[in-house]
Amino acid sequence: MAEIKIEKKKPVWPWIALLLVIGGLIYYIYFVDHETHTESNVEIENTTSAK
Amino acid sequence: MENKHKNLYRLDELSDYKIASNYSDVRGWKIVDSDNQTIGEIDNLWVNKDMQRVIYLDVKLDKRLLEDSRNEVRDVIANDNGKEFIYKEGASHIIIPIGSVSINKDTKTVMANTLGYDTFRNTNRYDRQQNFDREYERKVMNSYYPQNNPDSAYYSDDDSFYNRREFDNK
């Protein structure tokens with residue numbers, strides 16, 4: 001004779017949150033400009049333009 | 001009829017529950033009687049959350065069976081034997097205990113191996129727009145298994161009513 005069991009669905013939101021975090025990390029690593037601008041670079045530009 | 005025993009729910013009412021893995025979702029499948037005649041279609045599943053399983057199949061009866069029942073009503077009225085009729089126009093669903101059927105996954109058919117066409121024709125029906133209560137469940141069990149002697153659980157209003165072989169695969 002038949003038996004059919006039921007179970008609670010697993011929540012989806014933790015996976016969505018994980019995907020958002022991973023997406024944010026990828027965006028930060030590959031698309032954000034990480035170059036730093038220092039005072040020495042500015043001085044070199046000024047001396048060369050003075051010629 | 002309101003379902004005062006609110007441990008039974010239609011599965012489609014429970015958005016956070018689903019059929020467990022490795023079990024068949026028989027909604028939409030046809031159901032046949034002991035002579036392989038089509039009785040109707042599985043419209044929904046009545047489940048018990050505490051027991052985590054299906055208790056009843058909700059069957060939308062086949063038009064032929066409904067028409068046969070109506071013909072019987074007309075005959076009885078014509079013969080004026082005073083029979084009390086147990087269903088209203090529009091009541092086209094019945095419930096079947098899960099342990100009373102077997103499932104064929106290949107043909108997507110549910111088989112009520114021990115219940116015949118006349119049994120289904122004469123079983124109390126209910127209107128899908130309303131729910132049923134424990135009294136209706138007892139009438140249905142009497143219709144399917146008139147030979148069973150009622151025990152104490154039969155008269156209970158809690159889940160012990162389902163501790164019988166007609167509701168499980170034991």
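Biologist: K8(A) meets a side chain of chain B in a salt bridge; which residue is the partner?
Modeller: This is a predicted model, in which local features need pLDDT of at least 70 and side-chain atom pairs pLDDT 80 or more, while totals for chains, interfaces and linings use all residues, and side-chain values use heavy atoms, leaving out hydrogens and water. Residues are numbered from 1 along each chain as its sequence is written, with chains lettered from A and ligands numbered from 1 in the order in which they are written. A salt bridge is a side-chain nitrogen of Lys or Arg within 4 Å of a carboxyl oxygen of Asp or Glu. K8(A) satisfies that at 3.9 Å, N to O, and the partner is D16(B).

Biologist: Nice start! How many salt bridges are counted between chain A and chain B?
Modeller: Besides K8(A) with D16(B), K18(B) and E7(A) meet at 2.7 Å, N to O. K18(B) sits in strand β2 of chain B and E7(A) in strand β1 of chain A, so this pair joins two chains. For chain A with chain B, the count is 2.

Biologist: Is E7(A) buried, partly exposed or exposed?
Modeller: The cut-offs are relative accessible area under 20% for buried and over 50% for exposed, with partly exposed in between (1.4 Å probe, protein chains only). The salt-bridge partner K18(B) has 31% and counts as partly exposed. E7(A) has a relative accessible area of 22%, so the class is partly exposed.

Biologist: In which sense do β1 of chain A and β2 of chain B run?
Modeller: Strands (E, at least two residues) and helices (H or I, at least four) are DSSP runs numbered from the N terminus, and two strands pair if DSSP finds at least two bridges between them. Here 3 bridges join residues 6–8 of chain A to residues 17–19 of chain B. K8(A) stands opposite Y17(B), and the two strands run antiparallel.

Biologist: Which three residues supply 44% of the area that chain A buries against chain B?
Modeller: Buried area is the accessible area (1.4 Å probe) that two parts lose on being put together, summed over both. Between chain A and chain B it is about 1,800 Å², with carbon and sulfur atoms giving 62%. The three that supply more of chain A's share than any other three are M1(A), I4(A) and I6(A).

Biologist: How many residues of chain B are in contact with chain A?
Modeller: Contact means heavy atoms within 4.5 Å. By that rule, 9 residues of chain A take part, and the number for chain B is 25.

Biologist: Let's move into chain B. Which residue forms a salt bridge with E135(B)?
Modeller: The closest N and O atoms are 3.2 Å apart. Both residues lie in helix α3 of chain B, 3 residues apart and thus separated by about one helical turn. E135(B) is partly exposed at 43%, and the partner, buried at 10% relative accessibility, is R138(B).

Biologist: Which residue meets R134(B) in a salt bridge?
Modeller: An α-helix has 3.6 residues a turn, so residues three or four places apart point the same way. R134(B) and its partner are 3 residues apart in helix α3 (residues 134–144), and both are buried. At 3.1 Å, N to O, the partner is E137(B).

Biologist: Which elements of chain B do the buried residues of α3(B) pack against?
Modeller: The buried residues of α3(B) include Y136(B), V140(B), M141(B) and Y144(B). In the loop between α2 and α3, T123(B) touches V140(B) and Y144(B), among others. The elements packed against are β1 (8–10), β5 (53–61), β6 (93–97) and α2 (117–122).

Biologist: How many of the 9 residues of β5(B) are buried?
Modeller: β5(B) pairs with β4(B) (residues 38–48) through 8 antiparallel bridges, with N44(B) opposite D58(B). β5(B) also pairs with β6(B) in the antiparallel sense over 5 bridges, where K60(B) has H93(B) as bridge partner. The strand is largely enclosed by the rest of the structure, because the number of buried residues is 8.

Biologist: Last one: what share of the 170 residues in chain B is buried?
Modeller: Chain B has 3 helices and 8 strands, in the order β-β-β-β-β-α-β-β-β-α-α from the N terminus. Among contacts between residues at least 6 apart in sequence, 64% join residues at least 24 apart. The buried share is 49%.
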